[in-house]
Structures are given as structure tokens and as C-alpha cells.
Amino acid sequence: MIYFIWTAIVIIALSMVALLYRVVKGPTPSDRVIALDSLGITLICLVALFTILVETSFFLEIILLLAILSFIGTIAFSKFIEKGDIITRDDSR
Amino acid sequence: MLLQVVCLFIPLIAAIFMPFLFKKIRNIHTGWFVLFVPLFLAIYYATFVPSISKGETAVVQFDWIPSLGISFVSYIDGLSLLFSLLISGIGALVVLYSIFYLNRKKEQLHNFYIYLLIFMSAMLGVVQSDNMITLYLFWELTSISSFLLIGYWYNRDKSRFGALKSMMITVAGGMMMLGGFVLLSLMGGTFSIRSIIEQAPLFATNDTFVIALVLILLGAFTKSAQFPFYIWLPDAMEAPTPVSAYLHSATMVKAGIYLVARFTPVFALSEVWIWLVAGIGLLTLFWGSFFAVKQTDLKGILAFSTVSQLGLIMSLLGVGAIAYHVNDAADTVFKYASFAAIFHLINHATFKGSLFMIAGIVDHETGTRDIRKLGGLMSIMPVSFTVALIGSFSMAGLPPFNGFLSKEMFLTAMLSVTEFDLFNFSTWAPLFPIIAWVASVFTFVYSFYFVFKTFTGKLQENELPTKPHEAPIGMLISPVILASLVVTIFFIPNLVTDTFVKPAVMAIQPFLYSSPEDVHIHVSAWHGFSPELWMTLGIIVVGLLLFVTLSKWQKYYNTLPEQFTLNRLYDFTVNELLGSWMTRFSGLYMTGSIRNYLGYMFTAIPIIVIATLFIKNAFVVSFEGASPIHLYQIILIFVLVIGTITTVYARSRITSIIALGAVGYTVSLFFVIFNAPDLALTQLVIETISVALFLLAFYHLPKFQKVEERTRFKFGRVFISVGVGVMVTLVALSAHSQKLVTSIAEYYKETVYSLAGGGNIVNVILVDYRGFDTLFEIAVLAIAGIAIYGMIKLRMSRKEKNHESK
């Protein structure tokens, strides 16, 4: 079991390095945004595996938070790329 | 008997009422009210004369700051009584003169008399203070009031320049003097000058003795316009003439003389003192007399002559200090020196005061003080001419005027130096009478130059701005009184010396005399065919020859001293060195670029820290107690390093921002693997928000100049950043390697539930054990939020306002 988790951690860490490569290299901002989004997901996996490894339940909140942040971040980035603005001004004022 | 201390402050108190008197009573000259103050003081101090001339002293103390030993002490002995009488007596005459000199309608009289009264108080305080701190207080007050008086016509450039110059020089000296006082009080354990004098013999071996000596002398020399600090005095002549007569001839410039005389019993044991006081005095005497002939302004001549005469008095005081080093001093000729110094001080105050007043009258009645335009005033202004003649002849040292007596004694004292053989005096002593003689010849020349160029010769009526006529009678009263004193003192010198000079000499040389009667000096106008008399005859002959041939050699002489002016040095120092050079120097490092300032900081911090680390031998590396390193940690560090390197080397800003975000998330992962879930949560959220904010800032960069380029490589910056990194690493390693105390975390662990009733130790620490920090971090966040809101909102509103106004 422990070896399995370790292997998973190593694989995910390596995939993080690969994703990071995309973040650094990525020809367009969209590549980088998607790489970052995936990086967030791999982080969730890593935290989950680590939680199993150290046999604690304290880190489960982090997983939830990461999921939310990753989602919000990606949405924000997408809107930024799309419209050049994240929070649009209320026109009625 | 507190009156004696109160008297010091009477002029200050009177000064308060001057504006009322000036504003409310317009048809009476304010000076008439002021006149009562010095008159009262003069009469009051005159009542001390009988007891003081017997050798008694009067002391009244008023505690000011008892815990620090600072008090106002009015200590009246022969020396301070003489000065007090000079200050109040000549003060009265000067006020009388100023009533007729200053126009009631055109001048700001209340200002003038306030400054003058402040000065009077300050000067009385200087000469009567026994406490060194209050002496310094009054000393600075004389500097300030003198500054105000010189700059009285403040709309003139030259007045302001002269005021500033005198202020700079005298205050610099005053600060030095304060240092000397502090050193003395440390040596003696008291601020009282009397007790310092009593313990003086113990000080000579002290290390700081000579430093205190030099510092106090610097104060005295700057105030008394000695070489090379005399340069402020000629520029102070921009003051109204009553001020020049009062401050810059009779009283303030003698404060330094007073200081030297007062501290002679303390310092006379040192050869440095004798050499400095006598040498600088003699140099000043020669220098001032040499330059006086060059002047074309009447007051300029008098200013240089004052410098020269002050040098004379100073050198006499220096020679007088020799009396401490010879056996049976009371029987030797050295006793003459201090006596002559005090005697000449009185004489100088009388004749120089009258001469200044005459210069003021000439200025007032002809409209100019330029000696090249003046001449032939003898028949128009007979009274002024007589007074000027008496004053000048006295200054030149001719009988039957008091200057003759003190000049003779001066020559006696200078000749006596040749008999002294301590401290290398045998080598240099022959120079003393020679320089003194040469300086006296020049004194003779400028005295004649002053009086005869002004009053004889041809009247150049078209050169003069106004038609000359004799001064009003009120203006002539004061100079005539002074001039009659000049003559009177010649005929009754012993009455004056017995009353004033001998008690003062006793104060200067308390170890030699126990009562004024012990000073066995009898002044007589005729004392046989002594060497002094032949020297005086020589002065008259050579001086007359030089004066008659003045027009022949003056042009050579005028070209000569141009190279030696110290004014040029002062101007260079103030304008170039302190002005533009300093500005340029601060411009060198105060570039206004934050990049440079950060550079200074981050260069200084690693140098200081690393140097301390190695000087104190604090650098230790030990891996004892270090945890084992796991593979995932290595991978995470790898990610972190890549993120960091990308941030620094990224070609575009957006890459840097994203890489920074990656670094932040990796750090939150570290929090996870080091078991800090709360930190990890916060870090994740904060990182997301700050990356968003960075993006916001990035998006709003101005369109032009938005050149996306890689950070340029600069070796200096790399060096600095490597230095900072090395410093932090070294400090962290050594800090980790030597833990001195154990952690207090055990206590929290044990009590987190039992005392605080919580399970989450981090949160309990934040809100319970150390809730105060949290409170103020909340405050920080609130401030930041309000500031951001304000920044955005206020900018917007201003923009709107601009819009509306258009």
C-alpha cells in the first residue's frame, strides 16, 4: 500500500513538473491558464495522497478549497482573456 | 538681596513693554523710556564700588534647576563689576545717542530697543554668572541679540549677510565653549566657576585639560574677533552706529576678553594657554592694525582697529598668565600685564565708543562714511572734530590721553616677556616687543588717517549726499562725555586704577593677591627715560613719517593684502564647500531613485550582518537535530526553484506573475507536508487573490512604453542579491545550529484543551494565547482596505471635479 502511494506521489509530482514546463513555455496565455488549472487539480491529488500517507483528516478542507480556487481562478482568467476585464462595472450607476 | 539677580533681568522685563510704549505714545521717542533702565543699573552697580574696591565680593544665587546644579548666580567681584559698569554706563550713553540718531517716525524703534535691552540683559548675565551653564545661556543670548541688531535694517542684503556671518562664527565658537565648560565641570564636579578656580591646580594632569582649554579659547576668540575669527566684525558694521559703538567696540566683543580673564586662574598653569592667548593676541593686534589703513569706510577702520585693540588686550592677558610661573610674581614686571590689560580695556571702551559715535555723526550729517569723499569738516563740525581728535590720539597712544598710559604699560609688559625663559620663550620672546612696536606704528598711522582724512584737507561738497553741518547737541552729549573721560583718566589714573583695575586684577590673579592693596602699581604719566618712552617716541616719529608719505605707498600696500583676506576663505567655505559642494555631494547619493536606495540598504545589511557573524565567531553549522529529507520534499524544492528562476528570467511580465503564483502554491504544499493545514488554507486563498491583483495591475499598465523585455543583467545587482541570499542562509544555518533555549510549545500542547477549551492549537494561539497580535493584524487589514478605498475614491472625485471645472 505505502509503495503504491509513494509511486502515485512521484508520478503526480513528475506530471506537475511537466505541467510547469507548459506554464513556463506555453506559447499563448491560454496554454498557461489550462496548465495552471491542471496544476491545481494535481495539487488536489497530491494533498489527498499526502493525507493518506500521514493518516490525518485535517487536509481535506484544503482539497475543497483548492478545487474552488482553481475553478474561480480559471473562470477569472478565461473572462480576462475573453473580455479584458474580470469584474464588469454596473451600467446602471 | 535677590535684587542683584533680578537686576540681570530688568532689561528683559523692560523689553516686554517696549512695543506698547512705541505704539501708544507716539510723540515721545521710545528711547527716553529705555534710558531709565541702564541709568538705574549704572547707579545700582555704582553702589557696589566702595565694597568691591576693598576686595570684597557679592554673591546672590537663585536656583533654576537645582537637581542639575544649574542656577542663576550673580557673582560680583572686581572683574564683573567693571564690566557691569561698562555695560550699563556705556549702555546709557548709547541709548541717549540713539535717541538722536534714529528717527522716531521712520524707524522701527520698538524692535531696536527690544533687541538692545535683550542684549543688555545677556551681557550682564555673561559677566556676572558664576554658573557655567547660565553663562553659556547668556552668551548665546548675546549672539542672538547681536544677530538681530546687525540685521536691524533687514531689507538690506549686506545687513543680512553681516548678521548671518557673525551668527555663524560666534555661535560656532559658543558651541565649542559649551564643550569646554562641560569638560571642566566633569573635571571639577561642579558648574561653579569659583569652585573650579579653587580646584584648578589639580586639573593640570588631566587628559582633557588641554582640550577644555582649547575649546573655551575658541569660544573667547570667536566672540572677541581674534585671528582668524575676526572676519565677522567688519561685516557687522552694517548695524546702526549705536549698535556698533555699544556691541562691537565696548561690550560684546569684550565678552571673550572677560572669559579669558575669568578663566586665567584655571588655565594659566598650562603653557598652551600662554602661547595661544599671547600669540594669537599679538597676531591679531598686528593683523588688525595692518589692515585698518586699507579701509575706506570710517566704520571699517574702526572695526579693524577694534580687532587690533582686542588683540592687544588678549596678548596682555596671555603675558599676564606668565605671572603664575615665576617666583615672587608680585615683585616682577609680569604683574604689569594683567593690570595693563584691564586698564586698556577701560580706556578702549571710552575712546572707541566716542569714535564710533563720531563716525555715526559724520555719516548722519554728511550722508556718507566713505573716507575718500570726506574732508575739510573741521570748521563745519568743530565739536565732532575735537572729540575725534581726542579719541584718535588716545587710540594712537599719545599724551595727554588715557591711551598713552595703557600703551606704555603694554610696551612694558611686552618687554618683560624677554626676561621669561620657560616654555621656549627665550627663543621667541624678542619677537614680542618688535611685533608690538610695529603694530603700534600702524595703529598710529590709522588713527591719524581716521581723524585727518575726515576733518582736514579740502571739503568736497559736491561729493557729499547732503549738506554737512554740526550734529544736534543731543547727539554730541554721549561722545563728549566719553571724550572727557578719556582726558580725565589721563590726569587721575590712580583713582581709576585703585577703584576698578586693582580689584579686577585680583580676580584674574587670585593666587597672587589677597586684597586690592597688594597690587603695588602706581600709574604715572612720567616715569623717567625708560625704554618704553623711547619706543613711544619711535612710534610717533615713524608713524608720522608713514602718515605723511601715505599717498606714496598706499597703492603698493593696497595691492599687497588682497591675497591674504580670510573673507575669501569664509565665502568659499559657506558658499562653495557648504553650499554647492555639499548640495552636489548629497545629489550624488540622494538620486531620488528607489532602486539606488534599496541598493544602499541591501549592500549595507549583508556587510554588517556577515561581518558581525564572523567577528563574533557566531557562524556554526551543525546538522544535529535535523530531520531526514524525503524524496517528495526534493521534488517540491525542485518545483519551487524552477518557479523562482522563471519569475526572474521570464521574458514577459505575465509569465512572471504566473510563475510567482506557482511559487505561492508550492509554498502552500510545503505547509501541507509540514503539517500546517491552517497555513496552507490561508496561503492558497491569499495567493490566488494576490495573483489576481497582480494581473489587475499588469492589465492597467499604460499602453505606450509597455515594452515587454527581460530584466537587464547587471553585475552589481546580482552581487547584491547573492549577498542578501548568502546572508540569510548563513544566519539561518547558524541560528538553527545553536538553539540556546528550548521551545515553549510544550506548554501550549498541554494546556490547549484544559485551559483554553480548544482543539486547534493554531487557532487557540491566534485568538486566545496571543489575541492581541490578531487584533492589530485585523487593524492592519482594515487600514489597508480603507486606504485602497480612499485612494481609488478620492482620485476619482478629483477627476470629476476637474471635469466639472472644465
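The following exchange concerns chain A and a strand pair of chain B in a predicted model.

Visitor: Which elements make up chain A, in order from the N terminus?
Guide: Chain A contains three helices and zero strands. Read from the N terminus on, its elements therefore give an order without any β, since a strand count of zero leaves helices alone. That order is α-α-α.

Visitor: What is the radius of gyration of chain A, and is the chain compact or spread out?
Guide: The C-alpha trace of chain A spans about 60 × 30 × 10 Å along its principal axes. For 93 residues the globule rule gives 12 Å, and the value for chain A is well over this, so the chain is more spread out than a compact globule. The radius of gyration is 17 Å.

Visitor: What share of the residues in chain A is buried?
Guide: A residue counts as buried when its relative accessible area is under 20%. Chain A has 93 residues, and the buried share of them is 40%.

Visitor: How far apart do the centres of the positive and negative side chains of chain A lie?
Guide: Chain A carries 7 positive and 8 negative side chains. Each set has its own centre, and the distance between the two centres is 10 Å.

Visitor: How many bridges join β1 to β2 in chain B?
Guide: Strand β1 of chain B covers residues 58-65, and strand β2 of chain B covers residues 70-76. The two run antiparallel and form a hairpin with four residues between them. In the turn, B:Gly69 has a positive phi of about 70°. B:Asp63 stands opposite B:Ser71, and the bridges joining the two strands number seven.

Visitor: Which residue of β2(B) is the bridge partner of B:Ile65?
Guide: B:Ile65 lies in β1(B), which spans residues 58-65. Its bridge partner in β2(B) is B:Ile70.

Visitor: How many residues of β2(B) are buried, and which of them lie on the side that includes B:Ser71?
Guide: In a regular strand the side chains alternate between the two faces of the sheet. One side of β2(B) holds the buried residues B:Ile70, B:Phe72, B:Ser74 and B:Ile76. Seven of the seven residues are buried, so β2(B) is largely enclosed by the rest of the structure. The other side, also buried, consists of B:Ser71, B:Val73 and B:Tyr75.

Technical notes
Residues numbered from 1 in each chain as written. Chains lettered and ligands numbered in written order. Predicted model: local features only at pLDDT ≥ 70, side-chain atom pairs only at ≥ 80, totals over all residues. Heavy atoms only, no water. Pairing = 2+ DSSP bridges. Rg over C-alpha atoms; globule rule 2.2 N^0.38 Å. Buried < 20%, exposed > 50% of the residue type's maximum accessible area, 1.4 Å probe, protein only. Lys, Arg positive; Asp, Glu negative; His and termini not counted. Charge placed at Lys NZ, Arg CZ, Asp CG, Glu CD.
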